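Work through the exercises below with the sequence and the model open. Each task is followed by a stepwise solution.

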Amino acid sequence: MNERDVFEYALLRVVPRVERGECFNAGVLVYCRAHSFVAARTHLDESKLFALDPEADVRGVRAALRAVEGVCAGGEAAGQAAHDDAGRRFRWLIAPRSTVVQPGPVHTGLTADPAAETERLLQLLVR
């Protein structure tokens, strides 16, 4: 039997016009302490973005999503968070902020494979 470990996840939401509060899912952040695992997978649906804001800055939104993926990856791509452990990077990324890319609430689950769980959640909740 595969041992399953607790993991946490949050959706990444794109809020093109913060003052309106309208949003859609564009990614998922997954953290599993038992595996020292943190990852983000993103998918930007441009048609949804332009439906909410025809003047949206697609390049800016993509850059923000890539930045989240970079912080999760660690190393040089993580900038100031490069030397932080996986849990600290996850906690920093899920902190509330008033920007175009925002984290949603944190949820928990059990998984034997955090990387596969990340892809499953992306397919189920984002694509």
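A residue counts as buried when its relative accessible area is under 20%, and as exposed when that area is over 50%. The model is predicted.

**Exercise 1. Two residues of one strand**

Task: Decide whether Glu8 is buried or exposed, then find which side chain makes a polar contact with the side chain of Glu8.

Solution:
- Locate the residue. Glu8 belongs to strand S1.
- Apply the cut-off. The relative accessible area of Glu8 is 17%, so Glu8 is buried.
- Look for a polar partner. The side chains of Glu8 and Arg91 make a polar contact at 2.7 Å.
- List the surroundings. Beyond four places in sequence, Glu8 touches Leu29, Val30, Tyr31, Phe90, Arg91, Val106, His107 and Thr108.

Task: Do likewise for Val6: is this residue buried or exposed?

Solution:
- Val6 is also found in S1.
- Its relative accessible area is 52%, so Val6 is exposed.
- Setting aside neighbours within four places in sequence, Val6 contacts Cys32, Arg33, Gly109 and Leu110.
- Now take a distance. Val6 and Leu125 lie 119 residues apart in sequence, and their C-alpha atoms are 19 Å apart.

**Exercise 2. The buried side of a helix**

Task: Name the buried residues of helix H3 and state where they sit around the axis.

Solution:
- H3 spans residues 86–93, and its buried residues are Ala86, Gly87, Arg89, Phe90 and Leu93.
- Their arc around the axis is only 165 degrees, so they lie on the same side of H3.
- Recall the helix geometry. An α-helix has 3.6 residues a turn, so residues three or four places apart point the same way.
- Find the cover. The elements over the buried residues of H3 include strands S1 (5–14), S2 (24–32), S3 (37–42) and S4 (101–111), together with helix H2 (58–73).
- Check the start of H3. There a side-chain oxygen of Asp85 comes to within 3.1 Å of the backbone nitrogen of Gly87.

**Exercise 3. Packing of two helices**

Task: Describe how H2 and H3 pack and which residues make the contact.

Solution:
- Choose the descriptors. Two packed helices are described by the angle between their axes and the distance between the axes.
- Read the values. H2 and H3 pack at about 160 degrees, and their axes are 9 Å apart.
- Classify. Angles over 145 degrees count as roughly antiparallel, so H2 and H3 are roughly antiparallel to each other.
- Assign the contact. H2 supplies Val68, Val71, Cys72 and Ala73, while H3 supplies Arg89, Trp92 and Leu93.
- Sort the residues. This contact of H2 with H3 has 6 nonpolar residues, no polar ones and 1 charged.

**Exercise 4. Two loop residues**

Task: Find which backbone nitrogen lies 2.9 Å from a polar side-chain atom of Asp57.

Solution:
- Asp57 sits in the loop between helix H1 (46–52) and H2.
- The nitrogen belongs to Gly60.
- Asp57 and Val100 are 43 residues apart along the chain, with their C-alpha atoms 9.7 Å apart.

Task: Characterise the backbone of Ser36 and its accessibility.

Solution:
- Ser36 is in the loop between S2 and S3.
- Phi of Ser36 is near 50 degrees, a positive value in a residue other than glycine.
- With a relative accessible area of 59%, Ser36 is exposed.

Conventions: Residues numbered from 1 in each chain as written. Predicted model: local features only at pLDDT ≥ 70, side-chain atom pairs only at ≥ 80, totals over all residues. Heavy atoms only, no water. Buried < 20%, exposed > 50% of the residue type's maximum accessible area, 1.4 Å probe, protein only. Helix = DSSP H or I, 4+ residues; strand = E, 2+ residues; numbered from the N terminus. Arc of directions from axis to C-beta. Contact = heavy atoms within 4.5 Å. Polar contact = N/O pair within 3.5 Å; in protein donor to acceptor, adjacent residues only side chain to side chain. Axes fitted to C-alpha atoms, helices over the stretch in contact; angles between N-to-C directions. Parallel < 35°, antiparallel > 145°, perpendicular 65-115°, else oblique. Nonpolar A, V, L, I, M, F, W, Y, C, P; charged D, E, K, R; others polar.
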